[in-house]
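Visitor: I should like to learn how to read a structural model of this kind. May we take it feature by feature?

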Amino acid sequence: MGIDAALFSGPKCYFFKGARYVRVTRGETGPGTVDPGYPAPISNWGWPSGFGASGIDAALYSGSKAYFFKGNRYIRVTRGETGSGTVDPGYPAPISNWGWPSGFGVNGIDAALYSGSKTYFFKGDRYIRVSRGDTGPGTVDPGYPAPISNWGWPSGFGANGIDAALNSGSKTYFFKGDRYIRVTRGETGPGTVDPGYPAPISNWGWDREFIVVHFKSLLKVDSAVQDFIDDQFGAMRDLFTRSRVDVRRGSTEDLSGDSDLDSLLALDVGACLLGRPTEEHEELFAHRDGAADTDLVIYIVQTLVGGSGNLVGCATHPSGKPGAAVVVTSSRWLLAHEVGHVLSLRHVPRTPTTNSDFLMWPNTGWTNVPPDVSTAETTKMLDSALTRPDPF
Ligand SMILES: [Zn+2]
């Protein structure tokens, strides 16, 4: 447990651990929501000559610049709130350029904290406070290095060193091992540790689970089918990320050239009962090229025929071949609904009628979109053997 570094960046925060990081959308307080597609490898940032690819020690927001520290070197990056930005010329450079007193941090630091006109750097059980602008080393304030114990954190938290620090409006967060504290403070001074801290780092919800979704189409994958796949996938990914399920894109296969499958274009799904696949289900869902056992395969067909009315999607699938069949529609959360079924969700009752706010409403007449997923439904999805843990 624990993280290596944290970076504030407006509505986004970044947390680094080993060779990976997560990007989180949040306000000044609270855990926010991990963005879809994370954790991702640090190498995505494209830093020069592999800098930091296996992990970094500290990150520092500093207005239009961000600084990243690893060992005895650092880089300065010009960037906005999102994206990797551009590494400034001349970096990586040695930390010794900062000119800190008596060799402080010259071989590496543990954490860095932007705090308006002051910047703090932490190493072992000591820290320094520096007066500076967005760029440049500035001037180390008199009396530093000083012991971290000066901050007066509860029950010795962080006294021997911290892992990461994060400024976030009127709040500052300090991380150590599997715990963190939230502090209310201004630009200088220790401020006040908020009640209830230290708290477990697991509160942030970075530990998520993931599914991989592949598409196989009996219709020719033209731009209309491709748009349908992209829209449905995006809507599902954005919805499920709030339930701590990261939806990852698998392969897309065009099966329209296989004339043996023409008879399945109008797929007989029977009564579309979970656990009761038809012969045509068995035949179609046998096509799982490129999909692992726990991956989901979504089959795009012309129509769904059977005994239970006008269907646009059916999540019935043979045992051990998770997936669903859908037709091309403009109902944006159809795929999310069917995948919800595959992850063992059932329909919400038709009464009260406000249940139409929920993803698992029995038809596609959702209200107050995007649709809701309840806490109990989230738990159920995370309990499914098809959602796989991805500890961070
Ligand atoms: Zn349904």
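Visitor: Which residue stands opposite Ala146 in β15?

Guide: Tyr127 stands opposite Ala146. Please note that this is a predicted model, in which local features need pLDDT of at least 70 and side-chain atom pairs count only at pLDDT 80 or more, while totals for chains, interfaces and linings use all residues. Residues are numbered from 1 along each chain as its sequence is written.

Visitor: What does pairing mean for strands?

Guide: Two strands pair if DSSP finds at least two bridges between them. Strands (E, at least two residues) and helices (H or I, at least four) are DSSP runs, numbered from the N terminus. Here, β13 (residues 126-131) is joined to β12 (residues 118-123) by six bridges, and the two run antiparallel. Within that pair, Tyr120 has Arg129 as its bridge partner. Two residues separate β12 and β13 in a hairpin, and Gly124 in the turn has a positive phi of about 55°.

Visitor: Which strand do two bridges join to β13 in residues 139-140?

Guide: That strand is β14, which runs antiparallel to β13; there Ser131 is the bridge partner of Thr139. β13 also pairs with β15 (residues 146-147) in the antiparallel sense, over two bridges.

Visitor: How is a helix judged to be buried or exposed?

Guide: A residue is buried if 20 or more other C-beta atoms lie within 10 Å of its own, exposed if 12 or fewer, and partly exposed in between, with C-beta atoms placed from the backbone. In helix α3 (residues 334-342), eight of the nine residues are buried, so the helix is largely enclosed by the rest of the structure. Among them are Leu334, His337, Glu338 and Val342. After α3 comes Ser344, whose phi is positive, near 80°.

Visitor: Against which elements do the buried residues of α3 pack?

Guide: Contact means that the C-beta atoms of two residues, placed from the backbone, lie within 7 Å. The buried residues of α3 pack against β21 (208-217), α1 (223-241), β24 (296-301), β26 (313-314) and β27 (323-327).

Visitor: How is the protein divided into domains?

Guide: Domain bounds come from an automatic or database domain assignment. The division gives domain 1 (5-204) and domain 2 (208-390), and their C-alpha centres lie 41 Å apart. Five residues of domain 1 are in contact with eight residues of domain 2.

Visitor: What are the overall dimensions of the box that the C-alpha atoms fill?

Guide: The box is roughly 80 × 45 × 30 Å, taken along the principal axes. The protein has four helices and 28 strands, and buried residues make up 38% of its 392 residues.
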